Amino acid sequence: MTTRKVLTLTLVRNIADEVLMGLKKRGFGEGKWNGFGGKVEPGETIPQAAARELTEECGLRAHYLTKVGLLDFEFLNDPVIHEVHVFETREYSGTVVETEEMSPKWYKIEDIPFNEMWLDDPIWFPWYLKGGPQFYGYFLYKGFDTILKQELKSTDLPPTTTIFESVKSQQA
Ligand SMILES: CNc1ncnc2c1ncn2[C@@H]1O[C@H](COP(=O)(O)OP(=O)(O)OP(=O)(O)O)[C@@H](O)[C@H]1O
């Protein structure tokens with residue numbers, strides 16, 4: 001029997017159109033560059049979890065989050081499916097800070113360090129970057145360095161946005 005672990009992953013873009021990436025300093029995915037995110041806790045919605053993890057890991061408070069895609073990861077001989085909800089924000093408050101978990105850095109699109117990221121990232125990132133409907137991806141890993149199966153497709157869903165009014169009004 002499989003179980004699902006629900007996670008978030010948030011990509012932040014600035015006015016120069018750079019992407020904020022974090023070098024994971026500990027735990028799952030240590031040593032890899034990634035967006036910001038983690039597990040959804042009981043009692044919070046998925047966008048709330050994404051906003052919380054973003055602040056915990058890099059200090060920024062998102063004014064809104066747009067859901068751009070969904071990724072399912074399976075690891076051979078592991079019954080847990082990692083269900084990753086992918087978000088983007090372009091409006092936020094606060095200053096980027098290094099945290100215990102992440103060392104953040106802005107990257108120009110052409111400089112995104114794909115060879116120091118999860119193997120699936122170079123596959124779905126271009127879908128995120130080109131915009132359009134939400135994407136859905138499925139990846140079956142063997143260990144952490146081999147992808148045995150993959151699927152990536154566009155859904156009919158337009159991106160959906162959750163606005164955090166309280167964050168916006170705090171800034172005003
Ligand atoms: C396998 N291919 C993958 N490709 C790209 N991104 C991946 C990923 N697999 C997991 N991710 C992301 O990596 C973070 C892990 O977070 P993770 O440290 O497990 O969560 P959280 O911070 O809640 O845990 P702790 O509180 O430290 O236990 C989280 O953003 C999640 O979306």
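A residue is called buried if 20 or more other C-beta atoms lie within 10 Å of its own, exposed if 12 or fewer, and partly exposed in between. Keep that rule in mind as you go through these close-ups of a predicted model.

**View 1. Phe114 sits in the loop between strand 8 (102–107) and helix 2 (121–130).** Try the rule on this residue: Phe114 has 13 C-beta neighbours inside 10 Å, so it counts as partly exposed. Which residues does Phe114 touch, leaving out those up to four places away in sequence? They are Asp121 and Pro122. Now look across to Leu140: 26 residues separate it from Phe114 in sequence, and 19 Å separate the two in space, C-alpha to C-alpha.

**View 2. Helix 1 covers residues 46–58.** This helix has 13 residues, and from its first C-alpha to its last it reaches 18 Å, close to the 18 Å expected at 1.5 Å a residue. Which residues of helix 1 are buried? Here you can find Pro47, Ala49, Ala50, Ala51, Glu53, Leu54, Glu57 and Cys58. Just after the helix comes Gly59, with a positive phi near 90 degrees.

**View 3. Strand 5 (residues 64–75) pairs with strand 11 (residues 160–163), with strand 6 and with strand 9 (residues 135–142).** Let us take these partners in turn. Strand 11 runs antiparallel to strand 5, and 4 bridges join them; Leu65 stands opposite Thr162 there. Strand 6 is also antiparallel to strand 5, with 7 bridges between them, and Leu70 stands opposite His85. Does strand 9 run parallel or antiparallel to strand 5? It runs parallel, joined by 7 bridges, and Phe73 faces Phe139 across this pairing. As you follow a strand with your eye, remember that in a regular strand the side chains alternate between the two faces of the sheet.

**View 4. Two hairpins show where a chain turns from one strand into another.** In the hairpin of strand 5 and strand 6, 4 residues lie between the strands, and Asn77 takes a positive phi near 65 degrees. The other hairpin joins strand 9 and strand 10, with 3 residues between the strands. How many bridges pair strand 9 with strand 10 (residues 146–154)? There are 8, in the antiparallel sense. Tyr141 stands opposite Ile147 in strand 10, and Gly143, in this hairpin, takes a positive phi near 65 degrees.

**View 5. The ligand is surrounded by 16 residues.** The closest are Leu9, Gly37, Gly38, Lys39 and Trp118. Sorted by character, the shell divides into 6 nonpolar, 7 polar and 3 charged residues. Strand 1 (3–13) and strand 6 (80–89) each supply at least two residues of this shell. Which strand gives the largest share? That is strand 1, with 3 residues.

**View 6. Residues 1–130 are listed in UniProt as "domain: Nudix hydrolase", in an unreviewed entry.** In the model, the end C-alpha atoms of this span lie 36 Å apart. Its make-up is 18% helix and 39% strand.

Terms used. Residues numbered from 1 in each chain as written. Predicted model: local features only at pLDDT ≥ 70, side-chain atom pairs only at ≥ 80, totals over all residues. Near = placed C-beta within 6 Å. Nonpolar A, V, L, I, M, F, W, Y, C, P; charged D, E, K, R; others polar. UniProt positions renumbered as here; feature names shortened; annotations may be inferred. Expected span 1.5 Å × (residues − 1). Pairing = 2+ DSSP bridges. Contact = placed C-beta atoms within 7 Å.
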